[in-house]
Amino acid sequence: MTHATREVPVVAIVVAAGSGSRLGGDVPKALREVGGVPLVARSVTQLAAGGVDAAVVVVADGTQGAFEAALADAPIPCGIVPGGAERQHSVANGISLITLHGSLEDAEVVLVHDAARAFVPAEVVARVIDAVRQGADAVVPVVPVVDTIRELVDEASVVIDRSALRAVQTPQGFKRAVLAEAHDALAESGQVVTDDAAAAEYLGHEVTLVEGSREAFKVTEPFDLVIAETLVARGKLS
Ligand code: C5P
């Protein structure tokens, strides 16, 4: 059973408004297809399988029609909203749509997901939702770091103890009020963060870690698309 227990509606903000410049190509990264299916559609399908009831997809200006087409067969209702200059502005726009949208108003659990993590297993999504329902303010899926990491210090470098490091994935899960207040605080302070858990932490909330998955990798560079195509063709990724 991959679905989280159904209690209150769960909404996911799916951010897809980045330029995707590291991947190249002439369409936004989230519209690139793997096995004939756009990454954004794969992300929404995986979120729905894990227990998400509706999605707000945040997209770059001028691409709304293309995203509507890509999501025409989505298994859950998807609203589309324009993004902002930085990822956190895109998330803030997504939060505004939840607030404005009558049918989403009673959502108490909000997930934020990078559209590019299109192969996230439903089990990871359900784990994040369950942790928020059990009382966590902010939840992130993590995986151990497999590479040895060196930190650049002045002209030299030092090895970091990788056993104490975790790589952070999405979807990240929040009590809705925590996410909304965190983004309000960021907007007021002008602080820039790279993920939403850091935004919640900025307000003093504890971040809970749950087990992520290598399959939730972020399609970032052309190499990642080749890996994804190959694994999907072999039936090793859904
Ligand atoms: O650049 P990075 O890979 O960290 O972006 C993570 C996610 O945030 C991507 O899915 C990207 O589309 C999204 N993003 C966004 N708005 C921005 C920048 C990034 O929605 N201004």
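## Two pockets and a helix

In this predicted model, the largest pocket has a lining of 28 residues, and those nearest its centre are R22, K29, R87, D114 and K218. The space inside the largest pocket comes to about 570 Å³. Which elements each supply at least two residues of that lining? They are β1 (10-16) and α3 (87-100).

The second largest pocket holds about 210 Å³ of space. Its lining can be named in full: R117, V143, A167, V168, Q169, R214, A216, F217, K218 and T220. K218 is worth picking out, since this residue lines the second largest pocket and also lies among those nearest the centre of the largest pocket.

Here are the two linings by residue class:

| Pocket | Nonpolar | Polar | Charged |
|---|---|---|---|
| Largest pocket | nine residues | 11 residues | eight residues |
| Second largest pocket | five residues | two residues | three residues |

Now to α3, one of the elements that help line the largest pocket. This helix has 14 residues, and the distance from its first C-alpha to its last is 20 Å, close to the 20 Å expected at 1.5 Å a residue. Which residues of α3 are buried? They are Q88, S90, V91, G94, I95, L97 and I98. Several elements pack against these buried residues: the strands β1, β4 (54-59), β5 (78-82) and β6 (109-114), together with the helices α5 (176-189) and α6 (196-202). β1 therefore appears twice in this picture, as a packing partner of the buried residues of α3 and as a contributor to the lining of the largest pocket.

Terms used:
Residues are numbered from 1 along each chain as its sequence is written. This is a predicted model: local features need pLDDT of at least 70, side-chain atom pairs count only at pLDDT 80 or more; totals for chains, interfaces and linings use all residues. Side-chain values use heavy atoms; hydrogens and water are left out. On a 1 Å grid over the protein atoms alone, a cavity is a set of points where a 1.4 Å probe fits but cannot get out, and a pocket is an open set with protein on both sides within 12 Å along at least five of seven lines; lining residues have an atom within 4 Å of a point. Grid points are joined across faces, edges and corners, and a volume is the space filled by probe spheres set on the points. Helices (H or I, at least four residues) and strands (E, at least two) are DSSP runs, numbered from the N terminus. Ala, Val, Leu, Ile, Met, Phe, Trp, Tyr, Cys and Pro count as nonpolar, Asp, Glu, Lys and Arg as charged, and the others, Gly among them, as polar. The expected span of a helix is 1.5 Å times one less than its number of residues. Buried means under 20% relative accessible area, exposed over 50%, partly exposed in between (1.4 Å probe, protein chains only). Contact means heavy atoms within 4.5 Å.
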